[in-house]
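Colleague: I am new to this structure and would like to learn how to read its features one by one. Could we look at it together, starting with the surface?

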Amino acid sequence: MASQSTFDIPLDSLPPSYRTTSRAETGTPEPQDIQEPAGHEFSQLPPVDGGKDAWLFLAACFVVEALVWGFPYSFGVFQDYYSTHPPFSASSNLAVIGTCAMGIMYLDAPLIMAFFRRFPRFARWSPIVGLLVMCFALAMSSFSTTVTHLIVTQGILYGVGGSIAYSPCILYLDEWFVKKKGLAYGIMWSGTGLAGVVLPPLLEHFLSKYGYQTTLRIWAVAVFVLTAPLAWFLKPRVSVGAPTPYAPSLSFVLTRPFLFYQLFNIIEALGFFLPGIYLPSYARSVLQAQGFLTSLTLLLLNVASVFGCVAMGWFIDRLDVTTCIMLSTAGTVLGTFFLWGFGTNLAVLYVFCVVYGFFAGSFTSAWPGIMREVAKLGQGSGETGNEHGSKPVDPTMVFAFLALGRGVGNVVSGPLSEVLVKGLPWQGRALAG
């Protein structure tokens with residue numbers, strides 16, 4: 001690898017621990033009294049936005065994303081099994097299991113990210129620690145005999161472990177990708193869509209053949225075998241010296257621009273998860289589809305979201321964030337109103353699944369643009385902040401609070417959807433209803 005001059009290294013690619021010059025573009029607070037490594041040490045750093053190391057890091061993030069997030073996104077398969085097989089068939093609150101797993105992984109993001117920013121030495125070990133907690137949770141859930149046991153293990157404990165294991169993907173991605181940051185996030189987040197295609201039929205096959213106990217144990221072993229080797233690649237780009245801990249500022253949380261983005265982030269999340277819950281049952285009960293034709297709705301939605309995430313990631317590196325959000329929102333709203341609202345056969349419903357997956361599934365890939373815009377609030381600000389009332393902003397914490405907002409929408413959307421569909425009060429009164 002050809003050596004780089006010290007002046008050729010993008011400062012945005014360096015983590016908080018190694019930069020002593022201005023870091024206004026990323027908004028990460030500057031540490032004090034850091035001794036910068038010598039120039040020959042900088043020359044050995046792998047390049048950003050490309051090269052073997054950067055792409056291996058992103059490939060590892062993609063797989064971790066698919067395995068960690070794909071399982072709770074596929075919980076509908078387990079919920080269907082639990083509701084029709086003893087000892088859980090007579091139980092209520094089965095949906096709480098999946099809500100806990102996914103909700104916790106969203107809601108605890110600020111705590112996890114702030115902890116690893118404050119104690120950066122521990123972040124390097126987080127993939128293995130989180131993986132062990134996840135596998136332990138899956139193994140223990142295989143011994144569950146009540147829904148409460150499943151909520152604690154497959155829900156809460158899995159969510160905590162998943163958050164810890166996933167955290168370095170976000171913490172270190174800013175070091176490896178600068179100009180292609182949006183594309184990198186889009187590729188990584190498309191892993192969940194791919195998992196949504198592969199995991200449900202796979203888990204359904206194991207459940208029908210071996211039952212829930214053996215399936216959970218098989219998946220625990222599979223997750224460990226597939227994820228443990230990837231921990232080596234989930235590493236910071238800069239590994240020289242010892243990182244200096246700091247407490248990230250959260251002053252941006254109450255600024256008007258962030259509150260504006262967060263409001264629409266929560267509103268989007270309130271509606272995003274509902275089609276994934278009701279599309280199969282809608283195809284079966286309203287359009288009389290059977291078997292594979294019902295599950296095809298989710299398969300098409302997840303496949304489309306893979307391409308949507310990557311496309312939005314590419315756009316967010318080139319267009320203004322509000323333009324990208326408008327594209328995602330307009331495509332989602334128009335597709336829902338015209339395709340699902342007027343859909344009277346399976347063909348139209350399948351087209352809706354593709355359109356919804358592509359546009360709605362790509363919304364989170366606009367987050368790097370929000371992170372970039374909010375980080376600008378801290379440009380040139382010192383200890384007392386600037387005219388926005390914001391101190392230097394860490395983009396990682398912006399992501400964490402956006403995840404928190406999406407988690408709120410995820411948790412609230414479940415009970416809200418039950419109220420909306422209970423008795424179908426609008427049936428026969430609304431257009432195309």
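Modeller: In this predicted model, the chain exposes about 19,500 Å², and carbon and sulfur atoms supply 68% of that area.

Colleague: What share of the residues is buried?

Modeller: Of the 433 residues in the chain, 52% are buried.

Colleague: How many helices and how many strands does the chain have?

Modeller: The secondary structure comes to 16 helices and zero strands. As for contacts in the chain between residues at least 6 apart in sequence, 81% of them join residues at least 24 apart.

Colleague: Which residues form the nonpolar patch on the surface?

Modeller: The patch is formed by Leu-107, Val-408, Val-411, Val-412 and Leu-416, which together have about 320 Å² of accessible area. Helix H16, spanning residues 395-421, gives the most to this patch, with four residues.

Colleague: Is Val-411, which lies in helix H16, buried or partly exposed?

Modeller: Val-411 counts as partly exposed, because its relative accessibility is 32%, and buried would require a value under 20%.

Colleague: How should I read the cysteines, and how many disulfides are there?

Modeller: A disulfide is a covalent bond between the sulfur atoms of two cysteines. Here the count comes to zero.

Colleague: Why do Cys-169 and Cys-61 not form a bond?

Modeller: The closest cysteine sulfur to that of Cys-169 is in Cys-61, and because the two are 3.7 Å apart, they are too far for a bond; the cut-off is 2.5 Å. Cys-169 counts as buried because its relative accessibility is 0%, and Cys-353 likewise counts as buried, at 0% relative accessibility.

Technical notes. Residues numbered from 1 in each chain as written. Predicted model: local features only at pLDDT ≥ 70, side-chain atom pairs only at ≥ 80, totals over all residues. Heavy atoms only, no water. Patch = residues over 30% accessible without salt bridge, like charges linked within 9 Å, V, L, I, M, F, W, Y side chains within 5 Å. Areas by Shrake-Rupley, 256 points an atom, 1.4 Å probe, with all protein chains shown as cover. Salt bridge = Lys/Arg side-chain N within 4 Å of Asp/Glu carboxyl O. Helix = DSSP H or I, 4+ residues; strand = E, 2+ residues; numbered from the N terminus. Buried < 20%, exposed > 50% of the residue type's maximum accessible area, 1.4 Å probe, protein only. Contact = heavy atoms within 4.5 Å.
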